[in-house]
Amino acid sequence: MLTKGWLVVFLLILPLTFASLEINEVMYAPTSVYGGSINEWIELYNNNIQSYNTSSCFVDGKKIGEVVVEPSGYLVIANRADLFNITYPTIPVVDSVLSFKNDADTINLNCSDANLSFSYTSEMGALTNNKTLERNFEE
């Protein structure tokens, strides 16, 4: 009987242990060709097998709002969704007020089930060359 009880507890906790978004990619210093600093953005990735609701999430203290990110899906948070959509029209995007430093910064993602960060320096690349920084999950 004790084994069945632990199985029930495990099945109830399992969805919570994998419910997480990751900061997957950052565009912190686009040139004017891509809209300049008003077109900074981050990409979130749902590394779960379940949909993820962002209603409890904040990026650098700013609420994301309620968006459902499908399993293995992406969501971009951009200063200007309209500018982002010119280049990437099929990627889900929401507006926010982002302001990243060009020399170095840490971006914080705080949700009810996780507190994550993405730190970078200009030496890592992507400074005004219209490239992005991507997280390498194998490190």
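**Exercise 1. Find the handedness of the link between C57 and C111, then place both residues.**

Step 1. The angle about the S-S bond is 115°, and the C57–C111 link is right-handed. A disulfide here is a pair of cysteine sulfur atoms within 2.5 Å. For C57 and C111, S to S is 2.1 Å.

Step 2. Locate the ends. C57 sits in the loop between β3 (52–53) and β4 (58–59), and C111 in strand β9 (residues 104–111). The two are 54 residues apart, so the pair links distant parts of the chain. Strands are DSSP runs of E, at least two residues; helices are runs of H or I, at least four; both are numbered from the N terminus.

Step 3. Check burial. Buried means under 20% relative accessible area, exposed over 50%, partly exposed in between (1.4 Å probe, protein chains only). C57 is buried at 0%. C111 is buried too, at 10%.

Step 4. Search the whole structure: 1 disulfide turns up.

The model is predicted: local features need pLDDT of at least 70, side-chain atom pairs pLDDT 80 or more, while totals for chains, interfaces and linings use all residues. Numbering starts from 1 along each chain as its sequence is written, and side-chain values use heavy atoms, without hydrogens and water.

**Exercise 2. Describe the surroundings of E70.**

Step 1. E70 lies in the loop between β6 (68–69) and β7 (74–78).

Step 2. Its relative accessible area is 46%, so E70 is partly exposed.

Step 3. List contacts (heavy atoms within 4.5 Å). Leaving out residues up to four places away in sequence, E70 touches N46 and S51.

Step 4. Take the C-alpha atoms of E70 and I49: they are 8.3 Å apart.
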